[in-house]
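Here is a briefing on one protein chain. Keep the sequence and the 3D view at hand while reading.

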Amino acid sequence: MSDALINGLAGAGGGIIAQLITYPLQTVNTRQQTERDLKKEKRKLGTIEQMCQVVKQEGWERLYGGLTPSLVGTTASQGVYYYFYQIFRNKAESEALERQKKGIGDGSVGMLSSLIVAALSGCVNVLLTNPIWVVVTRMQTHTNILKKDHSNRLATPALEETVLSAIEPFSYSTGHAIQEVYDEAGFWGFWKGVFPTLIMVSNPAMQFML
């Protein structure tokens, strides 16, 4: 088994464990980031308060809404990233040794080469896995969107709660999310936000370089 494959599998396994532990926090974080309260009528809830609210109003399972595609995304992202990182790293090390034979450098991979290796790995990862994360985000924020849509139409909180209680049993699956994204934006809708995400590749790239 190659070093690249070993690193890819190790990264995927570690990512799955971390995702299972932190997913409820990610769900609340995503909702807070996508929430729009233009009138600023509601008091902003803290992380723990919002988690308790989700459990009370929607059940424990909503904290793990979109977990399945998220685990697929994490496995793919971590596996792809570490797999290609090792491949590019091996290539950079080989070139460094070749330069050393020619009397250039000391045979080690420099900071700039490390930055390029990490950036290339991150770009490949983003381009291959962005559709998964679009679906995950849609599933995490689905209930939030429903509440906003109906709160704009309903006159009283009591009526709103009645309608929401009728809506909530509907099981919003991965298939529904995929179909919704495709209906709204077509095939390229699965690559929404890909350019800002590619820019964010600089974060892990600099981390690996340092």
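**A bent helix and its surroundings**

Helix H4 (residues 111–140) has 30 residues, yet its end C-alpha atoms are only 38 Å apart. A straight helix would reach 44 Å at 1.5 Å a residue, so H4 falls short. A kink of about 55° lies at Thr-129 in H4. The proline Pro-131 follows shortly after that kink. The model is predicted.

**Overall fold**

- The protein chain contains 9 helices and 0 strands.
- Along the sequence, the pattern reads α-α-α-α-α-α-α-α-α.
- The protein chain has 210 residues, and 33% of them are buried.
- Take the contacts in the protein chain with a separation of 6 or more: 78% of them join residues 24 or more positions apart.
- The exposed area of the protein chain is about 13000 Å².
- Carbon and sulfur atoms supply 63% of that exposed area.

**Salt bridges between H4 and H7**

- The structure holds 4 salt bridges.
- Side chains of opposite charge can pair when their charged atoms come close.
- Arg-138 and Glu-180 meet through their side chains in a salt bridge, at 2.7 Å from N to O.
- Arg-138 lies in helix H4 and Glu-180 lies in helix H7 (residues 174–185), so this pair ties together parts that are 42 residues apart in sequence.
- Arg-138 also meets Glu-184 in a salt bridge, at 3.1 Å from N to O.
- That second pair links distant parts of the chain, with Arg-138 in helix H4 and Glu-184 in helix H7, 46 residues apart.
- Arg-138, Glu-180 and Glu-184 are thus linked in a network of salt bridges.
- Is Arg-138 buried or exposed? Arg-138 is buried, because its relative accessible area is 14%, and the cut-off for buried is under 20%.
- Glu-180 is partly exposed, with a relative accessible area of 26%.
- Glu-184 counts as exposed, because its relative accessibility is 52% and exposed means over 50%.

**A salt bridge within H3**

- Arg-89 forms a salt bridge with Glu-93.
- The closest N and O atoms of Arg-89 and Glu-93 are 3.5 Å apart.
- Both Arg-89 and Glu-93 lie in helix H3.
- Arg-89 and Glu-93 are 4 residues apart, about one turn of the helix.
- Arg-89 counts as partly exposed, at 22% relative accessibility.
- Glu-93 also counts as partly exposed, at 34% relative accessibility.

**Buried positions in H1 and H3**

- Thr-27 lies in helix H1.
- Thr-27 counts as buried because its relative accessibility is 1%.
- What does Thr-27 touch, not counting residues up to four places away in sequence? Thr-27 touches Arg-62, Leu-63 and Gln-140.
- Gln-140 is the end residue of helix H4 (residues 111–140).
- Ala-92 has its place in helix H3.
- Ala-92 is buried, with a relative accessible area of 10%.
- Leaving aside neighbours within four places in sequence, Ala-92 is in contact with Val-109 and Val-117.
- Ala-92 and Ser-113 are 21 residues apart in sequence.
- In space, Ala-92 and Ser-113 are 6.9 Å apart, C-alpha to C-alpha.

**A nonpolar patch on the surface**

- Which residues make the nonpolar surface patch of about 570 Å²? Met-1, Leu-5, Ile-6, Leu-9, Tyr-83 and Ile-87 make it.
- Helix H1 (3–34) and helix H3 (67–101) each supply at least two residues of the patch.
- H1 gives the most to the nonpolar patch, with 3 residues.
- Ile-6, one of the patch residues, lies in helix H1.
- Ile-6 is partly exposed because its relative accessible area is 40%, and partly exposed covers the range between under 20% and over 50%.

Definitions and conventions
Residues numbered from 1 in each chain as written. Predicted model: local features only at pLDDT ≥ 70, side-chain atom pairs only at ≥ 80, totals over all residues. Heavy atoms only, no water. Patch = residues over 30% accessible without salt bridge, like charges linked within 9 Å, V, L, I, M, F, W, Y side chains within 5 Å. Areas by Shrake-Rupley, 256 points an atom, 1.4 Å probe, with all protein chains shown as cover. Buried < 20%, exposed > 50% of the residue type's maximum accessible area, 1.4 Å probe, protein only. Bend = angle between axes of the 7 residues up to and from the residue. Contact = heavy atoms within 4.5 Å.
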